[in-house]
Amino acid sequence: MKIQDFFQENQQNIVSLLDEEELNKIFIKVTQKLSIDQQSRDSKIRKLQEYIKLALLIVDEKSYPFEGAANAMIPLVTNAVLNFACTAYPPLVQDDQIVKFKVIGNDDGTDWLNQDGQPVIDEKTGQARKQNVGAKAAKGKRMATMMNYQINEEMPWYKTDLFQYLIVLGTIGTVYKKVFYNSVDDTIMAKFMMPDKLIINENISSLKNAVITEILDLSSTEVMENIRNGIFIDYDFDWEKEPIQIDSVELINPQKENELQKQDFRFINQYTYLDLDNDGFPEPYIITVDLQSSKIVRIIPDYDQENI
């Protein structure tokens with residue numbers, strides 16, 4: 001199948017264009033990559049769990065010098081993390097100017113040319129007249145103004161999430177932010193993600209061409225909404241079935257673990273490369289898999305027709 005066929009079909013989700021054999025091969029490739037990447041980072045996640053326990057003041061029972069011995073924790077880490085977040089937060093949101101711009105390169109404009117292609121000379125200064133002076137700065141200001149409007153007016157949760165982001169960053173040193181377009185709500189979204197929800201092989205040297213797997217814990221309502229809005233294919237989703245627990249180490253509060261397992265169904269988004277047109281050059285795709293049903297529910301090209 002040619003790549004152009006995907007665009008001619010005028011649909012983003014191309015699962016229906018692939019046969020069952022091809023989908024099975026893709027499923028095996030995706031899940032194998034997920035397993036390999038998880039194993040590469042399990043030791044790191046276990047260390048991060050210990051950091052979180054310190055910050056949350058989770059006290060383990062002591063058995064020395066005797067069972068049930070008194071145990072106390074001084075909130076040194078907790079206080080340090082809160083101080084970091086409270087210090088870093090105000091400058092980031094000051095005057096609602098969350099997005100700022102920076103001019104790179106010369107912004108002095110270009111010479112004004114006459115019909116003969118020669119610079120027009122200013123009679124007063126004797127210098128060549130300039131046009132588009134400060135054009136980069138003006139463009140940067142317009143973009144910053146628009147993005148600040150989106151964040152402050154259309155994303156009211158952003159600032160609250162940002163403070164939580166800083167707390168997590170101060171606790172474990174790693175946190176991610178995903179910015180994307182929500183086609184259902186027709187809005188820009190920014191979602192902060194814990195490092196256990198974004199699986200990247202620990203042995204890579206650069207994120208540029210890395211395969212990245214995003215963990216999605218969706219409620220049954222969210223899954224059905226995605227099916228009815230055409231984001232997922234229409235398949236037999238068993239919403240009454242008990243959600244499964246993926247075999248991985250996670251950064252979750254042990255006190256909420258059972259509650260999370262009962263509520264959420266485990267999906268993954270994998271940002272990977274496939275050679276669906278058999279031209280010997282893999283193209284980037286986003287693949288969504290329902291791990292409980294072992295079914296691929298979405299495959300979309302991570303490129304457009306112009307940059308094939």
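## Close-up views of a predicted model

**Overview: the whole chain.** Seven helices and nine strands make up the secondary structure of this chain. Please keep in mind as you browse that the model is predicted. The chain has 308 residues, and 34% of them count as buried. Look at contacts between residues at least 6 apart in sequence, and you will find that 58% join residues at least 24 apart.

**View 1: an aromatic pair between helices α3 and α5.** The structure holds seven aromatic pairs, and here we zoom in on the one formed by Y89 and F163. Their rings meet edge-to-face, with 5.6 Å from centre to centre and 85° between the planes. Y89 belongs to helix α3 (residues 76–93) and F163 to helix α5 (residues 158–172), so this pair ties together parts of the chain that are 74 residues apart in sequence. Is F163 buried or exposed? The answer sits in between: F163 counts as partly exposed because its relative accessibility is 26%.

**View 2: an aromatic pair between a loop and strand β7.** F237 and F265 also pair edge-to-face, this time with 5.1 Å between the ring centres and an angle of 70° between the planes. F237 is found in the loop between α6 (220–228) and α7 (257–263), while F265 is in strand β7 (residues 265–274). The two residues are 28 apart in sequence, and their pair links distant parts of the chain. F237 counts as buried because its relative accessibility is 9%, and F265 counts as buried with a value of 4%, where the cut-off for buried is under 20%.

**View 3: a ring cluster and two charges over rings.** Y158, Y165 and F192 are linked into a cluster by ring pairs. Elsewhere in this set of close-ups, turn to W112: R129 lies over its face, at 5.6 Å from the ring centre. Which residue lies over the face of F180? That residue is K178, placed at 4.8 Å from the ring centre.

**View 4: D37 and its surroundings.** D37 is part of helix α2, which spans residues 20–56. With 0% relative accessibility, D37 counts as buried. What joins the side chains of D37 and N201? It is a polar contact of 2.9 Å. Setting aside residues up to four places away in sequence, D37 touches I199, N201 and V211, so N201 appears both among the residues that D37 touches and as its polar partner, because a polar contact needs N or O atoms within 3.5 Å.

**View 5: the second largest pocket.** This pocket offers about 270 Å³ of space. How many residues line the second largest pocket? There are 16, and V99, M147, I151, Y158 and K177 are the ones that lie nearest its centre. Two or more lining residues come from each of α3, α4 (135–154), α5, β3 (176–182) and β4 (187–193). You have already met Y158 in the ring cluster with Y165 and F192.

**View 6: N182 in strand β3.** Our last stop is N182, which lies in strand β3. N182 is buried, with a relative accessible area of 16%; that value qualifies because buried means under 20%. Which residues is N182 in contact with, leaving aside its neighbours within four places in sequence? They are T187 and M189. Strand β3 is also one of the elements that give two or more residues to the lining of the second largest pocket.

Terms used
Residues are numbered from 1 along each chain as its sequence is written. This is a predicted model: local features need pLDDT of at least 70, side-chain atom pairs count only at pLDDT 80 or more; totals for chains, interfaces and linings use all residues. Side-chain values use heavy atoms; hydrogens and water are left out. Rings of Phe, Tyr and Trp (its six-membered ring) pair if their centres lie within 6.5 Å; planes under 30 degrees apart count as stacked, over 60 as edge-to-face and the rest as tilted. Helices (H or I, at least four residues) and strands (E, at least two) are DSSP runs, numbered from the N terminus. Buried means under 20% relative accessible area, exposed over 50%, partly exposed in between (1.4 Å probe, protein chains only). A charge sits over a ring if NZ of Lys or CZ of Arg is within 6 Å of the ring centre and within 35 degrees of the ring normal. A polar contact is a pair of N or O atoms within 3.5 Å; within protein, one must be able to donate a hydrogen and the other to accept it, and residues adjacent in sequence count only if both atoms are side-chain atoms. Contact means heavy atoms within 4.5 Å. On a 1 Å grid over the protein atoms alone, a cavity is a set of points where a 1.4 Å probe fits but cannot get out, and a pocket is an open set with protein on both sides within 12 Å along at least five of seven lines; lining residues have an atom within 4 Å of a point. Grid points are joined across faces, edges and corners, and a volume is the space filled by probe spheres set on the points.
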